[in-house]
Amino acid sequence: MTPNATPDLPNPNYPISEDCLYLNIYTPMLPENESTDLLPVVVWIHGGSNYFGGSSLPFYFGMNLATRRPLVVVSINYRLGALGFLSDLSKASDIGSNQAMRDQLMALDWVREHIKSFGGDPERVTIFGESSGGSAVMSLIQTNPGKGLFSQAIVQSGGTWSGWQRPHVQADLTRMFLDLAGCNDLDCVKNNRTMGEILEYQGLLFSKAQEVFPRGEVNFIEPFRPFIDHDLITEDWTTALEAGRYRKVPTLVTYTRDEFGLILKTNETLKDKPIDYSTAVEFLATFLLGEERTRQVLDTPELGFNRSLIHMSDVTDPFIQLTTDLGYRCSSEIYAGFLDRHNRDVWEVSWDIGLPQFIGGMICGNGTKRACHAAELPILFGSANYANISSSALASVNYYQQARNTIDLYSNFVHDGEVWINATYYLRRNGNAVRNVLHWDDTPASTRGGVRWEICQKMDEMNLYDRLYYPYLPLGDRANTRDGYISLQYPMVAGPFD
């Protein structure tokens, strides 16, 4: 189902339907006859926690990205929510699982077959996504059917913290959803329930999942995720990357400096006032870590959010940094570290600028100078004018120059497989011993040592990441859960990577 309501456009006048497999193409030229003068292609995969959003939202318009240093921009839709991510356990895995991912692969197949007609080079395709779209790029890097469909990748604010959905969690979520819908399979849902009813059951499922599963076993930001079906995804990303079972293409891994501010902004309790210590602790225990790991955090001063803050009336800044480390920055730094074990062409980018007026609110809005999750998108697409922000307000925060520089940076990567602007080439990450990071702001510069690498390593050591706390263990056709061993529809053994 796509598109769906977004936090920025609460009730867009768009139809919601499973009949959504369309794409948009922005091209600065149409070739004459059999022209060999073809442009590189970038394929945009939108975000939205895998249950809302759409490629036609105005801040994804690709005209400016396509025309500054010419390239062809393709933005795609894919099935969202229950119909895109839950699995029909009555069917074989190759047709009953990971439907959204299959939609994305089908779009890339279409691009490979037809993009020449729009001036694009099918041999030079960069896949590019933000948020859950970044997670989609991660899954495509790892899947065998992605071979030959892209030559470069950009993982922007991807969700690496929790790993791919475990098969037993996927099976339970599917059964819970079918029970809510009063159906035995997803065909019944599609044929006998309205879109409004499906969305209602989906919302009930999210609430129920937080009650039924231990904290963190179902990612509360992306409760629907690609899952280990032993067809498209055979193992978690950690083991795949560690063993070199992935596409070794030039890759950017990016995150914003204050990512988690947007998630906190959407919480009714937190959004309109300074965050106090007790409220922050309750949020951690309820939505992110559970009580056990929350106590660990509070007893670890090195993490920056701990019991020493108990009497502070406003802990918004340290809380945003802790949750950003947990949910995005540290996970992305570690992901980049796994990537460049077998692939030297990896760059890490910290977005230290954003457009606060685009996000709004007390936590991320104008005057905060925070670069929250998604605040970079109107800069990257040069699309802020579609967000009803005045030209004078945009000029006051140097938006126009930021947009020109950013489009140039990304376009140069798409054309050349290098990260550069104005004749300045920025350094590859160069392994965990060096950890070069490009800090992207008005005066961009590469620095060594990562951003908060020591904190990231400490979190890893403490098993704070859900992918470590709920490990995926390949045990044939059985999985170890907190309730013992259960049989699975799909086996859990990693296959060969071609």
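In the predicted model, the buried residues of helix H4 are Gln-99, Ala-100, Met-101, Arg-102, Asp-103, Gln-104, Leu-105, Ala-107, Leu-108 and Val-111. The helix, which runs over residues 99–114, comprises 16 residues and spans 22 Å from its first C-alpha to its last, close to the 22 Å expected at 1.5 Å a residue. An α-helix has 3.6 residues a turn, so residues three or four places apart point the same way. Helix H4 meets helix H5 (residues 132–142), the two axes coming within 11 Å and crossing at roughly 75°. Because angles of 65 to 115 degrees count as roughly perpendicular, H4 is described as roughly perpendicular to H5. On the H4 side the contact is made by Met-101, Gln-104, Leu-105 and Leu-108, which meet Ala-136, Ser-139 and Leu-140 of H5. By residue class, this contact consists of 5 nonpolar and 2 polar residues, with no charged residue taking part.

Helix H6, formed by residues 167–181, is mostly covered, with 11 of its 15 residues buried. The buried positions are Pro-167, His-168, Val-169, Gln-170, Ala-171, Leu-173, Thr-174, Met-176, Phe-177, Leu-178 and Ala-181. From its first C-alpha to its last, H6 reaches 21 Å, close to the 21 Å expected at 1.5 Å a residue. The helix is followed by Gly-182, for which phi is positive and near 70°.

Phe-177, one of the buried residues of H6, is also among the residues with the most contacts inside the largest nonpolar core, together with Leu-264, Phe-305, Tyr-335 and Met-459. This core contains 144 residues, and helix H13 (residues 316–339) gives the most to it, with 11 residues. When residues up to four places away in sequence are not counted, Met-459 touches Leu-303, Leu-322, Asp-325, Leu-326, Cys-330, Leu-464 and Tyr-465.

Ser-157 is located in the loop between strand S5 (152–156) and helix H6, and has a positive phi of about 55° although it is not a glycine. The residue has a relative accessible area of 1% and is therefore buried, the cut-off being under 20%. Ser-157 is also one of the contacts of Thr-256, a residue of strand S6. With neighbours within four places in sequence left aside, the other residues in contact with Thr-256 are Thr-324, Trp-351, Ala-371, Cys-372, His-373 and Glu-376. Thr-256 likewise counts as buried, because its relative accessibility is 1%.

A positive phi, of about 50°, is found in addition at Asn-422, which is not a glycine either. Asn-422 is placed in the loop between strand S8 (420–421) and strand S9 (424–425). In contrast to the buried Ser-157, Asn-422 is exposed, with a relative accessible area of 62%.

Ala-243 occupies a position in the loop between helix H9 (237–242) and strand S6 (251–256). With a relative accessible area of 41%, Ala-243 is classed as partly exposed, because this value lies between the 20% limit for buried residues and the 50% limit for exposed ones. The C-alpha atom of Ala-243 is separated by 36 Å from that of Asn-405, a residue 162 places apart from Ala-243 along the chain.

Definitions and conventions
Residues are numbered from 1 along each chain as its sequence is written. This is a predicted model: local features need pLDDT of at least 70, side-chain atom pairs count only at pLDDT 80 or more; totals for chains, interfaces and linings use all residues. Side-chain values use heavy atoms; hydrogens and water are left out. A nonpolar core is a set of buried Ala, Val, Leu, Ile, Met, Phe, Trp, Tyr and Cys residues joined through side-chain atoms within 4.5 Å. Buried means under 20% relative accessible area, exposed over 50%, partly exposed in between (1.4 Å probe, protein chains only). Helices (H or I, at least four residues) and strands (E, at least two) are DSSP runs, numbered from the N terminus. Contact means heavy atoms within 4.5 Å. Axes are lines fitted to C-alpha atoms, for helices over the stretch in contact, and angles run from 0 to 180 degrees between N-to-C directions. Angles under 35 degrees count as roughly parallel, over 145 as roughly antiparallel, 65 to 115 as roughly perpendicular and the rest as oblique. Ala, Val, Leu, Ile, Met, Phe, Trp, Tyr, Cys and Pro count as nonpolar, Asp, Glu, Lys and Arg as charged, and the others, Gly among them, as polar. The expected span of a helix is 1.5 Å times one less than its number of residues.
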